[in-house]
Amino acid sequence: MKALLILAATAAMTASSAVFAADAVESVPAAPAAVETAPVFTWAGPYVGLHGGYAWGNADSAAFIGGSDDFDGGRFGGFVGYNWQFSNGFVAGVEGDVNYDWNENSYAGGIDINTGFSGSVRGRVGYAFDRALIFAAGGWTATNANVDGPGIDDDDTLHGWTIGGGLDYAFTDNVFGRVEYRYNNFGDGSLGGTDFDFDQHVINVGIAVKF
């Protein structure tokens, strides 16, 4: 009888230990689910875009009444560049553009004067506030000036410098818009044997794709 009681007690203890062990296994907390972090936006990389705007030009020459004349008009062009972004938010880059200005003036005797194609190569520095990039840029610029009329057809390429700044804003990870101001000083040239110099204030609005 005593042996039977010992056997029963042992069986009960074994069963309760098994149940406790099963409960302990079931109560082990599950591993936390992995949390995916959103990728951080960066301005680094190449880009290409189009822009349009308006240019206010001024030419100084003894050929004009009063010594100067305005050459204002719309413009359209394209640009391509590359940015490097640093961990502190600063951005550096290089950019080139080609444009066409519609700014022809007509004078007595059927004389037409205009500057048409222009371009520049500029270095850029800026600071990124996530998807907003404030930048300044400057470098080399050039434009082609032309005079045409009875008995005259002459052109000259002017070389100078440009400086400006603006704002790029990324609408998506790959598409950004731009608003910028630029001052172009194209230096001196000669048309039809008359010396002149030409400078220009520009407002551009553009859109670009970043790769």
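**Exercise 1. Which strand holds the place of His 51? Work out its surroundings.**

The model is predicted; local features need pLDDT of at least 70, side-chain atom pairs count only at pLDDT 80 or more, and totals for chains, interfaces and linings use all residues. Residues are numbered from 1 along each chain as its sequence is written, and side-chain values use heavy atoms, without hydrogens and water.

Step 1. His 51 lies in strand E1, residues 45-61. Strands (E, at least two residues) and helices (H or I, at least four) are DSSP runs, numbered from the N terminus.

Step 2. His 51 is buried, at 3% relative accessibility. Buried means under 20% relative accessible area, exposed means over 50%, and partly exposed lies in between (1.4 Å probe, protein chains only).

Step 3. The His 51 side chain makes a polar contact with the side chain of Asn 99, at 2.6 Å. A polar contact is a pair of N or O atoms within 3.5 Å; within protein, one must be able to donate a hydrogen and the other to accept it, and residues adjacent in sequence count only if both atoms are side-chain atoms.

Step 4. Beyond four places in sequence, the contacts of His 51 include Arg 75, Phe 79, Asp 97, Glu 180 and Arg 182. Contact means heavy atoms within 4.5 Å.

**Exercise 2. Trace the pairing of E2, E3 and E5.**

Step 1. Strand E2 (residues 68-85) pairs with E3 in the antiparallel sense, over 11 bridges. Two strands pair if DSSP finds at least two bridges between them.

Step 2. Take Gly 81: its bridge partner in E3 is Glu 95. The bridge partner of Glu 95 in E5 is Arg 122.

Step 3. E3 and E5 are also antiparallel, with 11 bridges.

Step 4. Look at the hairpin of E2 and E3. It has 4 residues between the strands, and Gly 89 takes a positive phi near 95 degrees.

**Exercise 3. Classify the ring pairs of Tyr 100.**

Step 1. Start with the total: 16 aromatic pairs. Rings of Phe, Tyr and Trp (its six-membered ring) pair if their centres lie within 6.5 Å; planes under 30 degrees apart count as stacked, over 60 as edge-to-face and the rest as tilted.

Step 2. The centres of Tyr 100 and Trp 102 are 5.1 Å apart and the planes stand at 70 degrees, so this pair is edge-to-face.

Step 3. Tyr 100 and Phe 117 are edge-to-face, at 4.9 Å centre to centre and 75 degrees between the planes. This pair links distant parts of the chain, with Tyr 100 in E3 (residues 90-101) and Phe 117 in E5 (residues 111-129), 17 residues apart.

Step 4. Check exposure. Tyr 100 is partly exposed at 28%. Trp 102 is exposed at 52%, and Phe 117 is exposed at 55%.

**Exercise 4. Which residues does the ring cluster link, and which charges sit over its rings?**

Step 1. Ring pairs join Phe 41, Trp 43, Tyr 47, Phe 79 and Phe 176.

Step 2. Arg 131 lies over the face of Phe 41, 4.7 Å from the ring centre. The charged end of Arg 178 sits over Phe 79, at 4.4 Å from its centre. The criterion is NZ of Lys or CZ of Arg within 6 Å of the ring centre and within 35 degrees of the ring normal.
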